[in-house]
Amino acid sequence: MGMLRAVWLLGCRDDIAPCLAVRQEVFVEEQGFSAELERDALDARAAHIALYDSGVCVATGRLIPETFGVYKLGRIAVRKSHRGIGVGGMVLRMMMARALDAGAKRLELGSQQQTVGFYAHFGFAPFGAPYEEEGVPHVHMFATPETVRFPRKCMGEH
């Protein structure tokens with residue numbers, strides 16, 4: 001892994017193609033989600049983080065401001081080549097920090113069942129009923145400024 005550089009892009013203004021390429025690779029090609037549903041109208045409302053390694057976008061996520069201080073985190077994806085070394089945690093920490101800096105009262109996300117433990121490590125807790133997206137089990141999760149944690153290392157990181 002080379003020198004990492006993070007860039008925030010606004011969906012309404014900036015070219016988010018590097019983020020969409022990572023999402024296409026991870027969610028559509030690798031996990032089998034439909035390309036039509038992977039991209040949606042929320043992309044235009046979101047701030048997208050693009051994490052670059054030696055000029056190549058290797059991870060992404062999007063942050064969407066909702067009403068009453070709620071921020072939705074989503075579409076967090078890391079290329080296979082950069083998994084297990086802390087890149088996903090870096091993206092999540094930067095997204096949480098941006099939301100909290102903007103005055104977030106509550107952070108929400110939809111986690112695949114297999115990644116619930118990852119998000120729990122950062123202070124997220126399940127809420128509501130489990131649900132499925134295209135046959136994949138998901139859980140709603142949330143954190144507040146009081147519960148959020150910024151661990152240096154997390155599960156799966158070396």
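## A tour from helix α4 to the aromatic rings

Select G103 to begin: this residue follows α4 and has a positive phi, near 95 degrees. Before moving on, note that the model is predicted, so local features need pLDDT of at least 70 and side-chain atom pairs pLDDT 80 or more, while totals for chains, interfaces and linings use all residues. Numbering starts from 1 along each chain, and side-chain values use heavy atoms, without hydrogens or water.

Now select helix α4, residues 87-101. Helices here are DSSP runs of H or I with at least four residues, and strands are runs of E with at least two, numbered from the N terminus. The 15 residues of α4 should span 21 Å at 1.5 Å times one less than their number, and the end C-alpha atoms are indeed 21 Å apart.

Next, colour the buried residues of α4 (under 20% relative accessible area, 1.4 Å probe, protein chains only); among them are V91, L92, M95 and M96. Their packing partners (heavy atoms within 4.5 Å) include β1 (4-10), β5 (106-112) and α5 (116-120).

On to the rings. The whole structure holds five aromatic pairs (centres within 6.5 Å). F27 and F33 are edge-to-face (planes over 60 degrees apart), with centres 6.4 Å apart and planes at 85 degrees. Both F27 and F33 are buried. F118 and Y119 are also edge-to-face, 5.1 Å centre to centre and 75 degrees between planes. Add F122 and F124 to see the cluster that ring pairs make with F118 and Y119.

Last stop: P130 in strand β6 (residues 125-133). P130 is exposed (over 50%), at 64% relative accessibility.

Notes
Rings of Phe, Tyr and Trp (its six-membered ring) pair if their centres lie within 6.5 Å; planes under 30 degrees apart count as stacked, over 60 as edge-to-face and the rest as tilted.
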